[in-house]
Structures are given as structure tokens and as C-alpha cells.
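Please walk through this structure with attention to how its strands pair, what lines its main opening, and how its cysteines are placed.

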Amino acid sequence: MGLLQFNSHSISSIPITSSFNYSSKSLRPLHLPSQVNLERRRLFAISTNTSSGGSESTDVASEEPPSIDFAFVNSKLLPDGTPDVQYRSACGGQKLRDIMLDNNIDLYGPYDGPLLNCSGGGTCGTCIVEVVEGKEILSLRTDREKELLKKKPKTWRLACQTMVGNEDSRGQIIIQQLPEWKVHEWEK
């Protein structure tokens, strides 16, 4: 067993901290760099006030737009035994499927053809993901999810049926892609 820890250190971002145990079929050690940089930059607006006799310009730190940080963990390990993790940010109020497809994250695996999945209708079950962390930001399971995933773990979701927060949501979510084929196990 080993331990993977996600840490993000930046002035304006919130740390992502999650651990999981793994068991690999090849028993290779699972390592990830100790720090993952999800750096965001602050925007500064400079304005001049001409109504009060031409005063000096003022620095005003504008608020960052709300966004949700994602860590997408691939189901297979890289050749060196480390997990393939991709980091993305997106606005809330969207379906998880759309966020993954818009950010070129593998969602369907071998079912990526137009005749092999329902294209977001919630009837085929090929867009299953596992929510490792951040389930409180996601919508509750829909009736379609309850029916298709009734014999699956409660952490599994259909990406096409899962809404990610709302437009002003912030937070972090760790998503395991294609959980039925993963080579490591998450600590519960």
C-alpha cells in the first residue's frame, strides 16, 4: 500500500488535499510530485478619478471569477508507475460530461464512438466516473442514475446526469475516470 497526496500552494487558491491507498496489479510504487501547482493570477485594475481634480491612480484588486478546480485521475498508471492526473478549472452550473469533453478529458474510453454511447441521454451508462472528493459540490443522483447505478458504489456517478454546483460555486473535486478499469484503489 502507498499514499498519494495532492497539495496545491498558491496565493489565491485553496489547497487540495486527498489521500488514497492503491494496490497495483504490477505492484509498482505510486508516486506523485509533492506539490501540484494550480496557480491563479490576481487581476489588478487601475483607474483614475478625474472628478476630484485628477488624483493619483488607485490599485484595486478585482475578485477572481468563481471556479471549481478539478483533478481528473486516469484509470491506468503511467509507464513509470505514477498516476496520470490532469488538472483543470471550470465554472459551475454545467454538467460534468460537458466540462470533461470541453477540457479534452477521456470520458468514454473504448465507448467513444457515436454508436457506442447515448451522447448524454443518461441511458447507456458509459460515462461512469467515481467522485473521490468534492461530492458536496455536485447535484444529487437523478432517477436515471439511481436506476443504472443501483448495484454500483455510491461514489460512482453518470457524468451526463451530474450538475457541478451553480455559477457562483467554488471548490475542488477529484474525479476518477473509468473507475471499473482502474489499477489502484481509493481509501474510503
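Two strands are taken to pair if DSSP finds at least two bridges between them, and the model to which this is applied here is a predicted one. Strand 5, which covers residues 68-77, and strand 6, which covers residues 83-90, pair in the antiparallel sense over seven bridges. Within this pairing, Asp69 of strand 5 stands opposite Ser89 in strand 6. The hairpin formed by strand 5 and strand 6 has five residues between the strands, and Gly81 takes a positive phi near 90° there.

A second region to examine is the largest pocket, which holds about 270 Å³ of space. Its lining is made up of Val131, Lys135, Leu138, Ser139, Leu140, Arg141, Lys154, Thr155 and Arg157, and when these residues are sorted by class, the lining has three nonpolar, two polar and four charged residues.

The cysteines remain to be considered. The structure holds zero disulfides, a disulfide being here a pair of cysteine sulfur atoms within 2.5 Å. For Cys118, the closest cysteine sulfur is that of Cys124, and because the two sulfurs are 3.6 Å apart, they are too far from each other for a bond. Cys124, for its part, is in no disulfide, the sulfur of Cys118 being the nearest cysteine sulfur to its own. As for solvent exposure, Cys118 counts as partly exposed, at 24% relative accessibility, and Cys124 is likewise partly exposed, with a relative accessible area of 31%.

Terms used. Residues are numbered from 1 along each chain as its sequence is written. This is a predicted model: local features need pLDDT of at least 70, side-chain atom pairs count only at pLDDT 80 or more; totals for chains, interfaces and linings use all residues. Side-chain values use heavy atoms; hydrogens and water are left out. Buried means under 20% relative accessible area, exposed over 50%, partly exposed in between (1.4 Å probe, protein chains only). Helices (H or I, at least four residues) and strands (E, at least two) are DSSP runs, numbered from the N terminus. On a 1 Å grid over the protein atoms alone, a cavity is a set of points where a 1.4 Å probe fits but cannot get out, and a pocket is an open set with protein on both sides within 12 Å along at least five of seven lines; lining residues have an atom within 4 Å of a point. Grid points are joined across faces, edges and corners, and a volume is the space filled by probe spheres set on the points. Ala, Val, Leu, Ile, Met, Phe, Trp, Tyr, Cys and Pro count as nonpolar, Asp, Glu, Lys and Arg as charged, and the others, Gly among them, as polar.
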